[in-house]
Amino acid sequence: MSLWNTAHPWLRELVSYEPGKPIEDVARELGLKPEEIIKLASNENPLGPSPKALAAMREMLERSHFYPDGGGYYLREAIAAKVGLKRENVILGCGSNEVIEFIGKAFLNPGDEIVCARHAFVVYKLMATLFGATTIEVPDPNFAHDLDAMAAAITPKTREVFIANPNNPTGTLLSQDEIDRFMEKVPAHVVVVFDEAYYEFLENPPDTLKFVREGRNVVVLRTFSKIQGLANLRIGYGLAKPELIDVLQKTRQPFNANGIAQAGALAGLADEDHQRKTRELTLEGRNFLQREFAAMGLEFVPSFANFVLVRVGDGRAVFQALMRKGIIVRDMTSYALPEWIRVSIGTMPQNTRFITELRKFPGLATAAR
Ligand SMILES: *Cc1c(COP(=O)(O)O)cnc(C)c1O
């Protein structure tokens, strides 16, 4: 008898997440030296973690024989203080991805529905599938979330709506007006999740915490993986009203956020200088890449985050050609965008090396229109 006869039937549909290719894999497969390879594939911080975070983590490393503070007291206090809420409004996750899973565990049953955009971050659908729920993908003309259409897609079966702002992999941003108009239409039985993984890169971020303060069924997700450069540590958080946080707390393992990550996040949170440097580097690199794409006649989606989606023709071929040169970008076939690649913004030397190699790709001219 196959195990599939007893496993949840919907698990068969679950496709595994396709992550950015690790540097070590590329080095091994192509016989390159790891230090020759640049990874512009997972929207990581090219500056690395804050030196203050590194120092705090080294200190905590010595205490690795102790279990972490499962309640995350200091980090939740610090996050709450930073955003003007209370510790009771904060839940920590092993990455904000884990909080997406908590929300699924708490609210999704087989047959339920979630609503997200056609080109939204793929983890929403993966988590919905894990709990036997159906993902309603709403068309996003020009890669922008169509919130009117998403509101119209809500049915009595809808439990969750996911809005990534800025969205990954498109980099598009919704305005405060669009968000407010959407929230006026959302019925009370739906939990709205604003995934703000790239919030800190924005110059004028829309306010979604006001819905938390108003007691709406809203979870705002943020992470230490992007601007803080702590992706390896797996630490992120959700912000919601205390009742909703209480529900989510029930769904997590006692020590889901490890102590080294908590220490690094706490120190990194206070390092405004490192965040400012990261923001400036991102802006400079994004302007450079977008200018170069325009000069090459390549279509791209103007980005509000630390990556750009660009149409190169045969995305997989470009991805492979760049990889042979030691540059890892993200091929977009898993997002049903085979003509596109997503490139994360690196340091200026990395961005320049990427553009230099991209320009050499012979098929590129035919991608331009
Ligand atoms: C990177 C990213 C996350 C963050 O994931 P972590 O689990 O915190 O590393 C969440 N949402 C989106 C849209 C992202 O791009």
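These legends go with a set of close-up views of a predicted model.

Residues are numbered from 1 along each chain as its sequence is written, and side-chain values use heavy atoms, with hydrogens and water left out. Because the model is predicted, local features need pLDDT of at least 70 and side-chain atom pairs count only at pLDDT 80 or more, while totals for chains, interfaces and linings use all residues.

**View 1. The ligand and the residues around it.**
Let's start with the ligand, whose surroundings include Gly95, Ser96, Phe121, Asn168, Asp195, Ala197, Ser225, Lys226 and Arg234 (a residue is near a molecule if one of its heavy atoms lies within 4 Å of it). Asn97, Tyr198 and Thr223 are also among the residues around the ligand, and each of them offers a polar contact (a pair of N or O atoms within 3.5 Å; within protein, one must be able to donate a hydrogen and the other to accept it, and residues adjacent in sequence count only if both atoms are side-chain atoms). The side chain of Asn97 has an N or O atom 2.8 Å from a ligand oxygen. For Tyr198, a polar side-chain atom is 2.6 Å from an oxygen atom of the ligand, and for Thr223 a polar side-chain atom is 2.6 Å from a ligand oxygen. The protein buries 94% of the 390 Å² that the ligand exposes when taken alone (areas come from the Shrake-Rupley method with a 1.4 Å probe; for residues, only the protein chains shown count as cover).

**View 2. Glu98, a buried acid in helix α4.**
Glu98 sits in helix α4, residues 96-107 (helices are DSSP runs of H or I with at least four residues, strands are runs of E with at least two, and both are numbered from the N terminus). Glu98 is buried (under 20% relative accessible area, where exposed is over 50% and partly exposed is in between, with a 1.4 Å probe and protein chains only). Glu98 has no salt bridge (a side-chain nitrogen of Lys or Arg within 4 Å of a carboxyl oxygen of Asp or Glu). The nearest side chain of opposite charge is that of Lys105, 5.8 Å away (Lys and Arg count as positive, Asp and Glu as negative, and His and the chain ends are not counted). What Glu98 does have is a polar contact of 2.9 Å between its side chain and that of Asn256. Setting aside neighbours within four places in sequence, Glu98 is in contact with Gly93 and Asn256 (contact means heavy atoms within 4.5 Å).

**View 3. Two cis peptide bonds and the surroundings of Phe304.**
Take a look at the loop between β5 (158-164) and α7 (176-185), where Pro166 is placed. The peptide bond from Asn165 to Pro166 is cis, with omega near -5°. Pro169 is found in the loop between β5 and α7, and the bond from Asn168 to Pro169 is cis, with omega near 20°. Phe304 comes from the loop between β9 (300-301) and β10 (307-311), and its contacts beyond four places in sequence include Pro166, Gly171, Thr172 and Leu173, along with Phe201, Leu202 and Arg286. Phe304 counts as partly exposed because its relative accessibility is 39%.

**View 4. Positive phi at Phe143 and Ala336.**
Here are two backbone angles worth a pause. Phe143, in the loop between β4 (134-138) and α6 (147-152), has a positive phi near 70° without being a glycine. With 14% relative accessibility, Phe143 counts as buried. Ala336, also not a glycine, has a positive phi of about 60°. Its place is in the loop between β12 (330-331) and β13 (340-344), and at 42% relative accessibility Ala336 counts as partly exposed.

**View 5. Salt bridges along the chain.**
The whole structure holds 24 salt bridges, and a few are picked out here. Glu36 and Lys33 pair up at 3.8 Å, N to O. In another pair, Arg87 and Glu77 have their closest N and O atoms 2.8 Å apart. Arg87 lies in the loop between α3 and β2 (90-93) and Glu77 in helix α3, so this pair ties together parts ten residues apart in sequence. Glu299 and Arg311 form a salt bridge with closest N and O atoms 2.8 Å apart. This pair links distant parts of the chain, with Glu299 in the loop between α11 (272-295) and β9 and Arg311 in strand β10, twelve residues apart. Glu299 is partly exposed at 26% relative accessible area, whereas Arg311 counts as buried at 18%. Finally, Asp273, Arg276, Lys277 and Glu280 are joined into one network by salt bridges that share partners.
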